[in-house]
Amino acid sequence: MKPIQILFATLALASVATAQPRNLPAGYIVETVNIPKEITLGVGGMAFMDNNTLLICTREGEVWKFNTQDGQWELYADGLHESLGLWIDRKKGDVYVMQRPELTRLVDTNKDGKADLYQTVNAGWGLTDNYHEYTFGPVRDSKGNFYGTLNTSLSWPGWAGSDKWDKARVHDSKMGRAAKYRGWSFQITPQGKFVPYSMGMRSPAGIGINGQDDIFYTDNQGDWNETSTLHHVVKDRFHGHPSSYYDHPKYIGKDLNKISIEEYRKLRTRPSVFIPHGELANSPGEPVFDTTQGKFGPFAGQIILGDQTRSNLMRIHLEKVDGEFQGMVVNFISPLQTGCIRGVFGPDGSFWVGQTGRGWGSVGGKQFGLERVRWDGSTTPMAIHHISLTKTGFDVHFTLPVDAETGADPANYNLLEYEYQYRPQYGSPKSQQKKLVPTSVKLSKDRKVAHLTLPLTAEKVYQFNLNDKLRSYAGANIVNRVAWYTANRLHK
Amino acid sequence: MRSAFLFSLLFTAGLAVAKPPAGFGTPDTEITLGTKHGQMRFDQEALAVAPGSKVKITLKNTCEMLHNWVLVKGGTGERDRVSGKALQLGAQSMVKHFVPDDPAIVASSQIAMPGKTVEVYFVAPKEEGDYPYVCTLPGHAFTMVGTLAVSKNPKGALNRLNKARPQVRAQWPLLVTNKPLLQRAFVHNSPARSICVGLPGGVNYLFDAETCAVQYGWTGAFLDVGPDRKGRGGRHCKILGQRFEVGAQGALQVGNGKPVFEGYSRLGSPELFYRVGDVRVSQLITLHAGLAGGILKRGLQYTFKVADAKGTVTFKLNPEQVLAEASAGKWNADKTALTLSAKEAGEFTVTLLPKN
């Protein structure tokens, strides 16, 4: 007997451009997908099954097939426990979905277009009924290993409403560890083995991987996390939230409250990029590497990162300094219609944004949504392309040549140097703030790079406030004129 | 297959369409009763007529299944007893239209074939009161039910019945119609890795993917997932029916192996897979209806398949909670454990009917 298919059609066009966001670089256009009223699409994960089929898993535990050509929706799987990530092996046709209790492979054995076999790949982590114990992922490296991240438990009885989860809170922080490996990232090997991988995560809602198997995750501002952050995942690394030490083999049975904040600071690896809370992000989602090689505009190789609360898209440029990743973050497009938590590039190079606004509030106000950002293929917007650290200051790279006079004037580059405090309290203000103006600015021959000279200090954040007078050679305005560079290390 | 068999039986029986009995005259009340497609429900679950009135009921079957209509006196207990008796008609089932000979039956229809109608003519009882009606086809009696009020004020009685009908109070109810539903969710006082399953016929169960065993069942509506889908979510979903115990004592025991969950198939009723040590187990769980103390009750049937067990396999349960029957193996004296040889364990069933 053939199971009943649920098919919904929307419009002839899968997505349409309506009102455009306030901050939108020239050449980009935002389209909104009309979602049938029968579907609640709190997006948890997205992946392309084939060139026209976008698979979307949801917080509601459903997996939908969306035809990006004709706008048809078809249910692929359901009944999952809060599915927050998808990975598709397009060669084998295997669909992997991350749900709270396990990583699951979905198989359509009778080829009716709907999954009927739900196979547990791995469930090696602990889980209680604490609402904050999210499971995020997966990404997969070139060797076939999967990676995911595990949220800490909401353990402070004052917020959790019960003391049953009050375990492994360190220095009176709010989040703790009520089950095994909360606050860890994990690897699942091709043989299906669970390997605790790195630790110290708080609320690691987004995980991404680049073409060289470098894995990054984003974390939310909170206890032991100064502001929103992007971290480079390396095996055995400690990223900062100490509750996860509870499951570290060398610390089992030890009183984590007897270890000082200063000692934890020495143990931790600083985030690759600090993302200023309130100014740029409040709850970042999935970092997506632009692998379109220019189809999505001039930012190939950078990370496109959405934020759930602020409903914006940001760009992150990473570089290695003294062997470690660090770099720049700048706003890209804002605001979209609701919280941007997931993203995926389509085969045509357009960027699909998976959205949810339920539960925390999002700029834009919608409960959920799906939008698509396209580049027109020809217009180069005037923008900060990226900022690089040099031995004597910074190089500010623009997408277009700057005006010779205003571009070379140091007064148009106002900098703020500051740091954050690593502490068990919720978030951190900016401290040790110092205003700086470059001692000199020299433009490259093509006037696309401004070489800034200024004194540098390691473990600082440099905020670049470009003056409105700074324009392109043709007088074009820079859409997003504030950028932040995290200088954990200096060139040796 | 099965419905084809029923069809042929029915046609060879050469049934005539019911006509009003001689001298019945013109009905005082005519009611058309429909069926809800795929939901195993009558479209009206409350009816009312005046005492002693002449009634014509037209049962209009819009389903692809067979249905009948049987009116009973003596409350829902009598209804369930009569429904149980209908299951025991055996070879007589189709000839008798699944209607047993029983003094509690006030009126009954013939079987309505898919897409067809049948009529019933009867004189309402003189005694005022609520009379339950039911479809007594196998498996239908749990959800295809209703109440006919006999009252001097039929309109008032109908209002009363409609108001008293149990409402599903839920923020976001998942309701089972003609195919099983499965939802993994947090449920109060249940394991974090719970799998909730709702089967057509109004039986539901909760399976724990950590210990690989059914924890309990419930009859009635399935699950309110509102607590997980409203606001931030992550709160406990609510079972919507009446909980019953299944005598749960953990997974099948095969040596000293610890059970590890491996997933499930959703072709038809969910079939759950797990491993105990190196031995693979599959457990298909279906609705089981049977008689407990003469009353038709709903429970669960487990069909286990154990591949290549080296030694014996044991199924444990708490016999104080359930009436259990097994297709193979040997129960111990107090019926707390069923032991099977490796060969017997290849495929066997256990049926459970709750005592509560």
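Which residue of β23(B) is the bridge partner of V254(B)? I looked this up first and found V313(B). The model is a predicted one, and I kept that in mind throughout these entries.

**Entry 1: confidence.** I noted the global scores, ipTM 0.94 and pTM 0.87. For chain B, I read a mean pLDDT of 89, with 94% of its residues at 70 or more. I then looked for a weak stretch in chain B and found residues 1-17, where pLDDT stays under 50. For that stretch the model has 9 contacts beyond four places in sequence.

**Entry 2: a sheet in chain B.** I returned to the strands around V254(B). β18(B) pairs with β23(B), residues 313-316, in the antiparallel sense, and I counted 2 bridges between them. I placed both strands in an open sheet of 4 strands, ordered β18-β23-β26-β25, with antiparallel pairing. Its edge strands are β18 (253-254) and β25 (330-331) of chain B, each of which pairs on one side only.

**Entry 3: where the chains meet.** I listed 22 residues of chain A and 23 residues of chain B in the contact. On the side of chain A that touches chain B, strand β11 (residues 117-122) gives the most, with 4 residues. I sorted the residues of that side of chain A into 8 nonpolar, 9 polar and 5 charged. I also checked β11(A) for pairing across the chains. It is joined by 3 bridges to β19(B), residues 259-265, and the two run antiparallel. Within this pairing, Q119(A) has G263(B) as its bridge partner.

**Entry 4: overall form of chain A.** I recorded 3 helices and 36 strands in chain A. Its radius of gyration is 23 Å, close to the 23 Å from the globule rule for 492 residues, so I note chain A as being as compact as a globular protein of that length. Along the principal axes, the C-alpha atoms of chain A fill a box of roughly 75 × 60 × 40 Å. I found that 52% of the 492 residues count as buried. Among contacts in chain A with a separation of 6 or more, 60% come from residues 24 or more positions apart.

**Entry 5: cores.** Which residues have the most contacts inside the largest nonpolar core? I found L55(A), L86(A) and V329(A), in a core of 214 residues. Strand β25 of chain A, residues 324-333, supplies the largest share of this core, 6 residues. I followed L86(A) further: leaving aside residues up to four places away in sequence, L86(A) touches G45(A), M46(A), A47(A), L55(A), C57(A), V95(A), Y96(A) and V97(A). I also noted a second, separate core of 6 residues, among them Y131(A), L154(A), A160(A) and A178(A).

**Entry 6: strand β19 of chain A.** Are the residues of β19(A), 215-219, mostly covered or uncovered? I found 5 of its 5 residues buried. One side carries I215(A), Y217(A) and D219(A), the other F216(A) and T218(A), and both faces are covered. I then traced its neighbours. β18(A), residues 206-209, pairs with β19(A) in the antiparallel sense over 4 bridges, and G208(A) stands opposite F216(A). The hairpin of these two strands has 5 residues between them, and there I noted a positive phi near 65 degrees at D213(A). β20(A), residues 228-233, also pairs with β19(A) in the antiparallel sense, over 5 bridges. In that pairing I read H231(A) as the bridge partner of Y217(A).

Technical notes
Residues numbered from 1 in each chain as written. Chains lettered and ligands numbered in written order. Predicted model: local features only at pLDDT ≥ 70, side-chain atom pairs only at ≥ 80, totals over all residues. pLDDT = per-residue confidence, 0-100. Contact = placed C-beta atoms within 7 Å. Pairing = 2+ DSSP bridges. Nonpolar A, V, L, I, M, F, W, Y, C, P; charged D, E, K, R; others polar. Rg over C-alpha atoms; globule rule 2.2 N^0.38 Å. Buried ≥ 20, exposed ≤ 12 C-beta atoms within 10 Å, placed from the backbone. Core = buried A, V, L, I, M, F, W, Y, C linked by C-beta atoms within 7 Å.
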